[in-house]
Amino acid sequence: MGVLNTLAQGIGKKYFGSATDNPEFTDSAYMAILESSEFGQITPGNSMKWDATEPEQNTFTFSGGDAVVAIANSTGKIVRGHNLVWQSQLPSWVSDSNFTADELTSVIQNHISNVVGTNYIIGYAWDVVNEPFNSDGTFVSDVFYNTLGSDFISIALNAAHAADPDAKLCINDYGIEGSGTKSTAMQNLVQTLKANSVPIDCIGFESHFILGEIPSDLQSNMEAFTALGVDVQITELDIRMELPETADLLDQQKSDYETVIAACAAVSGCVGMTVWDFTDKYSWVPSTFSGYGAACPYDSNLVKKPAFDGIVAGL
Ligand code: XIL
């Protein structure tokens, strides 16, 4: 009997969830936990990204995402669709293209109307735009920004709204969890979108944290966003440590997980939280951040770590 989703809903949150994806679906011990009542929400780690869904122009592949949605449907979970417009995991026919502004607008609209509109009517939320900002608050210089300026964001949000009027539409980023230049840039973007009646419902705080470096103003920074009329979601939580792990580090991690979860718990507009996979067995951290790992609440043998108790304490 799982506790995380139940506890989250008990304090008025919509869900407690985890990332997952197809390569893990053959691991029956993993699936027993994923499909249990521990989690009320899942996010596909990769299978709904542009390179997976539209590898060639107007040729769509939905099987990976469909498998994630099928698991959610059969186990009563909601899905956060992830993601529609991002400079990374973007096929070269888009990233290296010389599309005009009009052409790229059509490419974005066609991608979104197909991915959102015809297949993944997922009933909850989409990360429509992923990671639009640099750490200094300027826009990432990618094909979208370089061709369309910041208009690519409203083009994508409007297209997603047209494709699924009921879905919550989010912009998701990292480095916006504490106050600062990047968080301010995101808040300014939210205000501009709202002033122009562009549909924007939520901001994803990715929350890929380093042990001992949880922003001290996480809660007040969430409140700064919710005051603008958007929900906040913790979308990709993990807390990595420099390996090897020790009992002391795992204890610190427990406390850090509690701090993050308690911040969301305290903010009514922080509606849900998702770990970027629940187990170290399938974490993206070791292959991405050299020398770091052990970032998740279950270890690589699928045994709960002190971090799991930290989450429970925060809920
Ligand atoms: C990561 C996946 O977990 C990896 O499997 C993949 O190789 C790279 O992308 N921010 C995001 C996620 O929004 O999509 C990223 O997921 C992690 C960082």
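User: Where is Pro 244 found in relation to the elements β8 and α11?

Analyst: Pro 244 is found in the loop between β8 (231-242) and α11 (247-266). These names follow DSSP runs, numbered from the N terminus: a helix is a run of H or I of at least four residues, and a strand is a run of E of at least two. The model is predicted, so local features need pLDDT of at least 70 and side-chain atom pairs count only at pLDDT 80 or more, while totals for chains, interfaces and linings use all residues. Residues are numbered from 1 along each chain as its sequence is written.

User: What is the omega of the peptide bond from Leu 243 to Pro 244, and what is that of the bond from His 82 to Asn 83?

Analyst: The bond from Leu 243 to Pro 244 has omega near 5 degrees and is cis. The bond from His 82 to Asn 83 is also cis, with omega near -10 degrees. Asn 83 belongs to strand β3 (residues 78-85). Most peptide bonds are trans.

User: What makes the radius of gyration of the protein agree or disagree with that of a compact globule?

Analyst: The radius is taken over C-alpha atoms, and the globule rule is 2.2 Å times the number of residues to the power 0.38. For 315 residues a compact globule would be near 20 Å; the protein has 19 Å, and the two therefore agree. Along its principal axes, the C-alpha trace spans about 55 × 40 × 35 Å. The secondary structure comes to 13 helices and 10 strands. Of the contacts between residues at least 6 apart in sequence, 77% join residues at least 24 apart; a contact here requires two C-beta atoms, placed from the backbone, to lie within 7 Å.

User: Why is His 208 called buried?

Analyst: A residue is buried if 20 or more other C-beta atoms lie within 10 Å of its own, exposed if 12 or fewer, and partly exposed in between, with C-beta atoms placed from the backbone. His 208 has 20 such atoms, and therefore counts as buried. By this criterion 47% of the 315 residues are buried. His 208 lies in strand β7 (residues 208-210). Leaving aside residues up to four places away in sequence, His 208 touches Tyr 174, Glu 236, Asp 238 and Trp 276. The C-alpha atoms of His 208 and Glu 236 are separated by 6.4 Å, although these residues are 28 apart along the chain.

User: What makes Gly 180 partly exposed?

Analyst: Gly 180 has 16 C-beta neighbours inside 10 Å, and so it counts as partly exposed. Gly 180 is placed in the loop between β5 and α9.

User: Which values of phi make Ser 197 and Ser 207 noteworthy?

Analyst: Most residues other than glycine have a negative phi. Ser 197 has a positive phi near 55 degrees, and Ser 207 has a positive phi of about 70 degrees. Ser 197 lies in the loop between α9 and β6, and Ser 207 in the loop between β6 and β7. Ser 197 is exposed because it has 9 other C-beta atoms within 10 Å, whereas Ser 207 is buried because it has 25.

User: What is the span of α8, and what is expected of its 13 residues?

Analyst: The expected span is 1.5 Å times one less than the number of residues. The 13 residues of α8 should therefore span 18 Å, and the end C-alpha atoms are 18 Å apart, which agrees. Helix α9 (residues 181-195) has 15 residues and reaches 21 Å, close to the 21 Å expected.

User: Which residues of α9 are buried, and why are they said to be on the same side?

Analyst: The buried residues of α9 are Lys 182, Ser 183, Ala 185, Met 186, Leu 189, Val 190 and Leu 193. They cover an arc of only 160 degrees around the axis, and are therefore on the same side of α9; the arc is that of the directions from the helix axis to the C-beta atoms. On the other side of α9, Asn 188 and Ala 195 are exposed. The elements covering the buried residues include α8 (151-163), β5 (168-173), β6 (202-205) and α10 (218-226).

User: Which residues surround the ligand, and how do they divide?

Analyst: A residue is near a molecule if its C-beta atom, placed from the backbone, lies within 6 Å of it. Gly 45, Asn 46, Asn 130, Asn 172, Glu 206, Glu 236 and Trp 284 surround the ligand. They divide into 1 nonpolar, 4 polar and 2 charged. In this scheme Ala, Val, Leu, Ile, Met, Phe, Trp, Tyr, Cys and Pro are nonpolar, Asp, Glu, Lys and Arg are charged, and the others, Gly among them, are polar.
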